[in-house]
2 protein chains.
Amino acid sequence: MLHEIQPRSPEETRNRILVATRAIFAKKGRRGTTTREIAESAGVNEATLFRHFGSKDAIIDAAVERFCATGELQELAAGLSGNLEADLRRLANALVERMEQVQDLIIMSLVEQEPHSAVSSAAWRAPGAIRHIVGDYMAKRVESGDLQGDPLLLARFFMGMIFADVIGRKKLPVTDYNKDDLITFQIDVFLNGVRKNKVHGNA
Amino acid sequence: MLHEIQPRSPEETRNRILVATRAIFAKKGRRGTTTREIAESAGVNEATLFRHFGSKDAIIDAAVERFCATGELQELAAGLSGNLEADLRRLANALVERMEQVQDLIIMSLVEQEPHSAVSSAAWRAPGAIRHIVGDYMAKRVESGDLQGDPLLLARFFMGMIFADVIGRKKLPVTDYNKDDLITFQIDVFLNGVRKNKVHGNA
DNA sequence: GGTGGCTGCAAGTAAGTACTTGCATTGGGG
DNA sequence: CCCCAATGCAAGTACTTACTTGCAGCCACC
């Protein structure tokens, strides 16, 4: 009989499973993610899931690990050297873009609290590294006299501001303003708040 | 035979169920909350749950509704009239306290996305109302010339700042600083960033 | 041309879950 | 004193879920 098998490489199969799992897990959480739905969405038989990963939890962990790669911020931070405002804007844009890409996973990681899950550690490894990068930049600017305060707190504040903005746009939306307006406003306040030699805003 | 029944009023039974449900739901989410565990935790037979509420979803909705009461910020805002910094500090403290009390429900509401659930609307009704209160205060201060900018954006920024702080303390903890230090820092930055007639910080 | 790895398929198992039902027990209010 | 509402208890139903198993077809590679 026709078995309708489109032969795929094992790596492609594996990847299809991880992509499908990430989407479902981000929407329904760990307990809400069923192996049946993963299999359907990936266009793969359910038994294949277990042959590849062994258990449902292993699939989810692998998917989160797969989509929480931490690169691409490092080189951005290294390339910064313009004026303070331009740098912060580039940083903010990069952070917003990244947080929007993985915001579903970030939110899920807020919920996961069992130590067994690799989600918490995997999902928060990236933010930790990013805070370090941002903190280093702030430290340089404090040292050069552009900013004041503890670089760690500055980085924390800056990232928290972006985080709240991304989440807020999703849950408590603001009409009358678009995304860029909001980011611009936040950066202005931050700059005005932490800059050492301030210029008065538009009176 | 001894049936070990400690007779309770129906209202007390109902309340025990809601308290237990709130705790379990906050930890495990909707799907992770089982009627069996609710019954055990409430010290009540499982059948009693359904006799009172009819369905598991109804129990959870009632519990969220029960613990998302929105009062007690209104009168606080009405009583504010001191100087700007003191007012913002009182506002911030009240917001922090409230967010800490219901942060588990807030996080869960970030995850809930099915329209059937009353959780999203119930959990975000309070923040919406609070933002309105804070926005009114900001508007008064803008009008009186103490602050500059759109009151709505100011309120959004202020609340997002607190929100990120509470979440951040939980997930990306900062050693070297305690809770009050962090809040003080945030208010300072905010004030410096949005005040119209600024005073230079400690050089 | 065969062989072995990857896969689909169908059926099944064991456990958990929401929810129901019938009955016994209790305490309080008439 | 007695009746009734509220509850406990035990058993059961129908469904879902994670995970397994045995078999058969396909493809690549030797």
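Helices here (H or I, at least four residues) and strands (E, at least two) are DSSP runs, numbered from the N terminus. The expected span of a helix is 1.5 Å times one less than its number of residues. This is a predicted model, in which local features need pLDDT of at least 70, side-chain atom pairs count only at pLDDT 80 or more, and totals for chains, interfaces and linings use all residues. Residues are numbered from 1 along each chain as its sequence is written, while chains are lettered from A and ligands numbered from 1 in the order in which they are written.

**View 1. Helix α8 of chain B, checked against its expected span.** With 21 residues at 1.5 Å a residue, α8(B) should span 30 Å, and its end C-alpha atoms are indeed 30 Å apart, so the two agree. This helix is mostly covered, as 16 of its 21 residues are buried. To count as buried, a residue needs 20 or more other C-beta atoms within 10 Å of its own; 12 or fewer makes it exposed, anything in between makes it partly exposed, and the C-beta atoms are placed from the backbone.

**View 2. Helix α1 of chain B, with a kink.** Now try the span check on α1(B): a straight helix of 23 residues would span 33 Å at 1.5 Å a residue, but this one spans only 26 Å between its end C-alpha atoms. Look for the kink of about 85 degrees, centred on Ala26(B). The bend at a residue is the angle between axes fitted to the seven residues ending there and the seven starting there. Ala26(B) is also one of the buried residues of α1(B), and others include Ile17(B), Leu18(B) and Phe25(B). What covers the buried residues includes α1 (10-32) and α6 (84-111) of chain A, plus α2 (35-42), α3 (46-53), α4 (56-66) and α6 of chain B.

**View 3. Ala20(B) and its surroundings.** Stay in helix α1 of chain B, where Ala20(B) is found. Ala20(B) is buried, because 22 other C-beta atoms lie within 10 Å. Leaving aside neighbours within four places in sequence, Ala20(B) is in contact with Ile38(B), Ser41(B) and Ala42(B). Being in contact is judged by C-beta atoms, placed from the backbone, that lie within 7 Å. Asp180(B) sits 160 residues along the chain from Ala20(B), and their C-alpha atoms are separated by 31 Å.

**View 4. Where the two chains meet.** Here 35 residues of chain B are in contact with 35 residues of chain A. On the side of chain B that touches chain A, α1 (10-32), α6 (84-111), α7 (119-143), α8 (151-171) and α9 (179-194) of chain B each supply at least two residues. The most comes from α8(B), with 11 residues. Sorted by class, this side has 17 nonpolar, 11 polar and 7 charged residues. Ala, Val, Leu, Ile, Met, Phe, Trp, Tyr, Cys and Pro count as nonpolar, Asp, Glu, Lys and Arg as charged, and the others, Gly among them, as polar. The copies meet through the same surface, because 100% of the interface residues of chain B are also interface residues in chain A.

**View 5. Down at the rotation axis.** A turn of 180 degrees and a shift of 0.0 Å along the axis lay chain B on chain A with an RMSD of 0.1 Å. The two copies are therefore related as by a two-fold rotation axis. Copies are superposed by least squares on the C-alpha atoms of residues with pLDDT of at least 70 in both. Of the residues of chain B, Gly193(B) comes closest to the axis, at 1.8 Å (C-alpha).

**View 6. The largest nonpolar core.** Among its 50 residues, Phe158(A), Ile162(A), Phe158(B) and Ile162(B) touch the most other members. A nonpolar core is a set of buried Ala, Val, Leu, Ile, Met, Phe, Trp, Tyr and Cys residues joined through C-beta atoms within 7 Å. Not counting residues up to four places away in sequence, Phe158(A) touches Val134(A) and Phe190(A). Apart from this core lies another, of 48 residues, among them Ala42(A) and Leu105(B).

**View 7. Asp176 in both chains.** Asp176(A) is found in the loop between α8 and α9 of chain A. Its phi is positive, about 75 degrees, although Asp176(A) is not a glycine. Most residues other than glycine have a negative phi. With 8 C-beta neighbours inside 10 Å, Asp176(A) counts as exposed. In chain B, Asp176(B) lies in the loop between α8 and α9, and its phi is positive too, near 75 degrees.

Methods: Contact = placed C-beta atoms within 7 Å.
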